[in-house]
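Please find below my notes on the model, set out as numbered points. They deal with one helix and with the ligand site.

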Amino acid sequence: MSTTNNRYAEPLSVLEVHLDAVARNYLFFQKQMKKGADCAAVVKADAYGLGAVSVSRALFEQNCRHFFVATFDEAVQVQQALPAEALIYILNGPSGASAEDFAENRFIPVLNTLGEIGYWNDFSRRRGKKQPCLIHMDTGMNRLGLAPEDVARTKESFSALDVRYVMSHLACADEPNHPKNQEQLRLFKKLSGELAGAFRYSFANSAGILLGADFHFDLARPGCGLYGINPSIHQPNLLQGVVTLKARILQIRMIDSPATVGYGAHYRVSSPVKCATVSAGYADGYLRSLTDHGSVFIGGEKCPVIGRVSMDSIVVDVTAVKQTLAEGDWAEIIGPHRLVDGVAKEAGTIGYEILTSLGRRYKRVYT
Ligand SMILES: *Cc1c(COP(=O)(O)O)cnc(C)c1O
């Protein structure tokens, strides 16, 4: 056999990240923003698994200048990808490195607790200069941020800090009619009113931007929508898919007599089926909960997963596929036929978890 054009030498799975679609999604959000308000980008968790370096560069090219990550190490990675004007905020606070390292790198921590505010005040005093930060007030999510009574108790000390924004985070913005959205907005405005000094404010995530101008304040922080996840669960997706994930068929087999497929002899075949084994498994983020629920697209046809999801492969029923199939052909796992949210629904989870689980094994291509 010839070794040129040898399909055996080609990658078994390819994850394409469409940076042009990420850019369009960013511009979409920017266009929604009320006049004078800025749009940041949340690129935590390696840009939701898609690659923080490439994604951040693409967003910088669209004039994004505010980047949110979760940790110090993520900030280092993003900073190395970007020109010096980029501002990098760290959601999980001034932890994971010394305050000096934060200052040296010009990283801006979000201060979530009284302890962190005290720590940043001490550091500012030591340096003889107000140190930049964001202050996070909790308005009902009860995850991170100062409780309302703590805001009242510590607001005097904010003047010793270089507070770039005072922020909060919405718990239910993906459900536009949820009463919690208005409750959180009211509390955010009330607390903002109690703060002396002309602070700037940041409130909305992706879904919050779609709730309208009341939620925009001075800086929005979209994440999921940039990556094609629908921010709003009851509405059609206004954002574009940014991922195509395809994996090759490793083997094709006809099963003509009663048999079982996969681990645990879990799936029983009674009538004849044609099956294809596809090169992606739970080690690639094709979650094991997709057993009995997942499907891929081959030749434009929906092919259900049969048998349990294995570490490195799945078996799918390709009986319905009309075109002639060969080993080495592609199965679409995420793409135009099957958006991230569709896979998430089948897996009983959310698009965020599908993207951040994608793993390191795919050949990654940025377009
Ligand atoms: C993750 C996160 C965001 C982005 O939320 P999306 O729903 O992905 O748009 C914004 N703000 C905070 C505080 C976050 O933790």
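**Notes on helix α8 and the ligand site**

1. The model is a predicted one. In it, the buried residues of α8 are covered by elements that include α7 (148-154), β8 (162-167) and β9 (201-202).

2. The buried residues of α8 are N181, Q184, L185, F188, L191 and S192. They lie on the same side of α8, because the arc they cover around the axis is only 135°.

3. On the face of α8 turned away from that buried side are the exposed residues P179, R186, K190 and G193. Exposed here stands for over 50% relative accessible area, and buried for under 20%.

4. The length of α8 can be checked against its residue count. Helix α8 runs over residues 179-194, which is 16 residues, so at 1.5 Å a residue the expected span is 22 Å. The end C-alpha atoms are 23 Å apart, which agrees.

5. Which residues are closest to the ligand? They are K44, Y48, S206, C224 and Y352, out of 14 residues that surround the ligand.

6. Three polar pairs are worth listing for the ligand.
   - Y352: a polar side-chain atom lies 2.7 Å from an oxygen atom of the ligand.
   - C224: a polar backbone atom is 2.7 Å from an oxygen atom of the ligand.
   - H169: a polar side-chain atom lies 3.4 Å from a nitrogen atom of the ligand.

   On its own, the ligand has 390 Å² of accessible area, and the protein covers 93% of this area.

Key:
Residues are numbered from 1 along each chain as its sequence is written. This is a predicted model: local features need pLDDT of at least 70, side-chain atom pairs count only at pLDDT 80 or more; totals for chains, interfaces and linings use all residues. Side-chain values use heavy atoms; hydrogens and water are left out. Helices (H or I, at least four residues) and strands (E, at least two) are DSSP runs, numbered from the N terminus. The expected span of a helix is 1.5 Å times one less than its number of residues. Buried means under 20% relative accessible area, exposed over 50%, partly exposed in between (1.4 Å probe, protein chains only). The arc is that of the directions from the helix axis to the C-beta atoms. Contact means heavy atoms within 4.5 Å. A residue is near a molecule or strand if one of its heavy atoms lies within 4 Å of it. A polar contact is a pair of N or O atoms within 3.5 Å; within protein, one must be able to donate a hydrogen and the other to accept it, and residues adjacent in sequence count only if both atoms are side-chain atoms. Accessible areas come from the Shrake-Rupley method with a 1.4 Å probe; for residues, only the protein chains shown count as cover.
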